[in-house]
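Hello,

Here is the structure I promised to send over. Please have a look at it first, and then read on for what turned up.

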Amino acid sequence: MLKIFEKSTIVQVFTILVVTALLWAKALADPQPMAPSGHFSPLYDLIFNLSIPPLVGVIIAMVLVVLAGFFANLVLANAGLAPRNSLLPTLLFIVAMSATATTLTPSLMAALMVIIIIDKLLLRKTSLSIMSDKIFISAALIGIATMIYFPAITLVVAYLLIAINYQLYSWREITIFFLGLLAPYFLLWSVLLFTDGLADSFVAMGAEFGTLSLSVGDVTTLQSFANGVLILSFLISLFIVWSHLGEKTATWSKNATTLMLLTATTVALMPFKQLYPVSFEFLALPFTFCLCQRFTLKPSHHNRSRSTLKDNLFDILLVIIIIAAVLC
């Protein structure tokens, strides 16, 4: 199946659309209405109050995921982290985002913003650090994401780890980050100040941290097993890619580390959501990168050609991953 992603773009796009249809078939057949966020989410609440019909909500979510998949592919390719002639990252991203998605939700919308945030934090040239303007923009985007889905504040955990990776821990860089993070809130608080909602917003934000808990979701055994297959596939790929960092250039290694450190967001998000099954929305980018690298990892210099057996095993693994995502 992986050979498909070495063929023409038309064949690749057709394959991606077929897989997308399989992943969203259940949601399209029985569309669920958009639900209240249950969190501090002023931007999502504006959309929710539009009373979008259930089917329209599902279609919007699906289209956003597909478009985001192509954008993620472009971001990875431009950073040299994925092949330029392959849409395999698009497929893997759609699989990860669609595994637990049913309709347009605040967590899905906030997770899609992660692509833009990471695009600002990836290196493009020989410099091994990030400019101040990109730090500010990334922080502001995180702030906007929290207005859509407040638990996205856990993106700060990933950013702090990424900042260590880039050595962005001077007082100036820290100040720029927090000013960027608060910039969207300054605008929100200015509006709420004149609508008598400022105090309520502070209470709602504070209440978010009082509802943290460690719980397990109510899922079937089959769904639990399918989720476990996806997690295991990702963790093995993460370990393999991490072990090969030393073979790459400094820029490539920095960018790869940045993507893999996003995994910290999903871990930090668990008290806001649940321990298991794991949501792959905020894990979509590292999942995409690690699996793509695993499938396209070049053999060592003394063994250039892949064996037919290895190709077949990778094909089987990709099919299993798609099936697991459908079952989730």
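Is Q167 buried or exposed? With a relative accessible area of 53%, Q167 is exposed. Please keep in mind throughout that this is a predicted model.

Let me stay with that residue for a moment, since its backbone deserves a look. Q167 is not a glycine, yet its phi is positive, at about 60 degrees. You will find Q167 in the loop that runs between α7 (155–166) and α8 (171–193).

S51 makes a good companion to it. Here too phi is positive, about 55 degrees, although S51 is not a glycine. S51 sits in the loop between α2 (42–48) and α3 (54–78), and its relative accessible area of 58% makes it exposed.

One more backbone feature belongs on your list. The peptide bond joining Y276 and P277 is cis, with omega at about 0 degrees. As for its setting, P277 belongs to the loop between α12 (263–269) and α13 (284–296).

Next, the serine that I would open up in the viewer. S86 lies in the loop between α3 and α4 (88–98), and at a relative accessible area of 7% it is buried. The S86 side chain has two polar partners to look at. It reaches the backbone oxygen of F5 at 3.4 Å, and a polar atom of the S86 side chain lies 3.1 Å from the backbone nitrogen of L88. Leaving aside residues up to four places away in sequence, S86 touches F5, Q12 and N73.

L88 leads us straight into α4, where L88 is one of the buried residues. How many of the residues of α4 are buried? The count is 11 of the 11, so the helix is largely enclosed by the rest of the structure. Besides L88, the buried residues of α4 include P89, T90, L91, L92, F93, I94, V95, A96, M97 and S98. And what covers the buried residues of α4? The cover includes α1, α3, α5 (106–121), α13 and α14 (308–327).

Since α1 is part of that cover, here is a residue from it. K26 lies in helix α1, which spans residues 9–29. At 68% relative accessibility, K26 counts as exposed. If you want a long-range distance to check in your viewer, take K26 and A158: they are 132 residues apart along the chain, and their C-alpha atoms are separated by 33 Å.

Finally, the cysteines. How many disulfides does a search of the whole structure find? It finds zero. C290 is in no disulfide, and the nearest cysteine sulfur to it, that of C292, is 10 Å away. A pair of cysteine sulfur atoms has to be within 2.5 Å to be a disulfide. C328 is likewise in no disulfide: the nearest cysteine sulfur, that of C290, is 18 Å away. As for their surroundings, C290 counts as buried, at 0% relative accessibility, whereas C328, at 23%, counts as partly exposed.

If you have time for just a few stops, I would suggest the cis bond between Y276 and P277, the contacts of S86 with F5, Q12 and N73, and the buried residues of α4. I would be glad to hear what you make of them.

Warm wishes

How values were computed: Residues are numbered from 1 along each chain as its sequence is written. This is a predicted model: local features need pLDDT of at least 70, side-chain atom pairs count only at pLDDT 80 or more; totals for chains, interfaces and linings use all residues. Side-chain values use heavy atoms; hydrogens and water are left out. Buried means under 20% relative accessible area, exposed over 50%, partly exposed in between (1.4 Å probe, protein chains only). Helices (H or I, at least four residues) and strands (E, at least two) are DSSP runs, numbered from the N terminus. A polar contact is a pair of N or O atoms within 3.5 Å; within protein, one must be able to donate a hydrogen and the other to accept it, and residues adjacent in sequence count only if both atoms are side-chain atoms. Contact means heavy atoms within 4.5 Å.
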